[in-house]
Amino acid sequence: QVQLVESGGGLVQAGGSLRLSCAASGSVFSIDITGWFRQAPGAQRELVASITSGGTITYQDSVKGRFTISRDNAKNTVYLQMTRLKPEDTAVYYCTARKARSRWDSGSWGQGIQVTVSS
């Protein structure tokens, strides 16, 4: 069992930056892939970025060049650095972790954290 706790959200003006953190505890050795999803009001949850234990990274097209995902293995923490934020980035952001060759919805999820970008 893996527990995930997000932090770092809040309110920021358009063009600003925030860094989200996702601290993992429990059976962290079982994590192969960590991802950040977001869900805006009335919208489906979408994958923003992911990073594997081997360092392979993927980004949603809308955040490429603005968001950076990284990990600190010593702290069992994954970060999402968000820059040049836009109002459309407003959403609840969720950290999730899963094993390779499994579905995201079968993995562990954090409680979510609000990010609000004002225009």
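## Pocket, core and rings at a glance

The largest pocket has 13 residues in its lining, and those nearest its centre are Ala24, Ile31, Thr34, Arg71 and Asn76. Strand 3 (18-26), strand 7 (67-72) and strand 8 (77-82) are the elements that each give two or more residues to that lining. Keep in mind that this is a predicted model. Below are a few more words on the pocket, then the nonpolar core, the aromatic rings and one loop residue.

**The pocket**

- Volume first: the largest pocket comes to about 180 Å³.
- Its lining is a mix of 6 nonpolar, 5 polar and 2 charged residues.

**The nonpolar core**

- The largest nonpolar core has 26 residues, and the ones that touch the most other members are Leu20, Trp36, Phe67, Leu80, Met82 and Tyr93.
- Quite a list of strands feeds this core with two or more residues each: strand 1 (2-7), strand 3, strand 5 (46-52), strand 7, strand 8, strand 9 (91-98) and strand 11 (113-118).
- Strands 3, 7 and 8 turn up here, and they also give two or more residues to the pocket lining.

**The aromatic rings**

- The model has 3 aromatic pairs.
- One of them is Tyr94 with Trp109, an edge-to-face pair with 6.2 Å from centre to centre and 70° between the planes; the cut-off for calling a pair edge-to-face is over 60 degrees.
- Tyr94 sits in strand 9 and Trp109 in strand 10 (residues 108-109), so this pair ties together parts that are 15 residues apart in sequence.
- How do the two partners fare for exposure? Tyr94 is buried, at 14% relative accessible area, while Trp109 is partly exposed at 27%.
- Zooming out, ring pairs link Tyr94 and Trp109 with Phe37 and Trp104 into a cluster.

**Ser62 and its surroundings**

- Look for Ser62 in the loop between strand 6 (57-59) and strand 7.
- With a relative accessible area of 35%, Ser62 counts as partly exposed, because that class runs between the 20% limit for buried and the 50% limit for exposed.
- The side chain of Ser62 makes a polar contact of 3.4 Å with the side chain of Arg38.
- Ser62 and Glu88 are 26 residues apart along the chain, and 9.9 Å separates their C-alpha atoms.

Conventions: Residues are numbered from 1 along each chain as its sequence is written. This is a predicted model: local features need pLDDT of at least 70, side-chain atom pairs count only at pLDDT 80 or more; totals for chains, interfaces and linings use all residues. Side-chain values use heavy atoms; hydrogens and water are left out. On a 1 Å grid over the protein atoms alone, a cavity is a set of points where a 1.4 Å probe fits but cannot get out, and a pocket is an open set with protein on both sides within 12 Å along at least five of seven lines; lining residues have an atom within 4 Å of a point. Grid points are joined across faces, edges and corners, and a volume is the space filled by probe spheres set on the points. Helices (H or I, at least four residues) and strands (E, at least two) are DSSP runs, numbered from the N terminus. Ala, Val, Leu, Ile, Met, Phe, Trp, Tyr, Cys and Pro count as nonpolar, Asp, Glu, Lys and Arg as charged, and the others, Gly among them, as polar. Buried means under 20% relative accessible area, exposed over 50%, partly exposed in between (1.4 Å probe, protein chains only). A polar contact is a pair of N or O atoms within 3.5 Å; within protein, one must be able to donate a hydrogen and the other to accept it, and residues adjacent in sequence count only if both atoms are side-chain atoms. A nonpolar core is a set of buried Ala, Val, Leu, Ile, Met, Phe, Trp, Tyr and Cys residues joined through side-chain atoms within 4.5 Å. Rings of Phe, Tyr and Trp (its six-membered ring) pair if their centres lie within 6.5 Å; planes under 30 degrees apart count as stacked, over 60 as edge-to-face and the rest as tilted.
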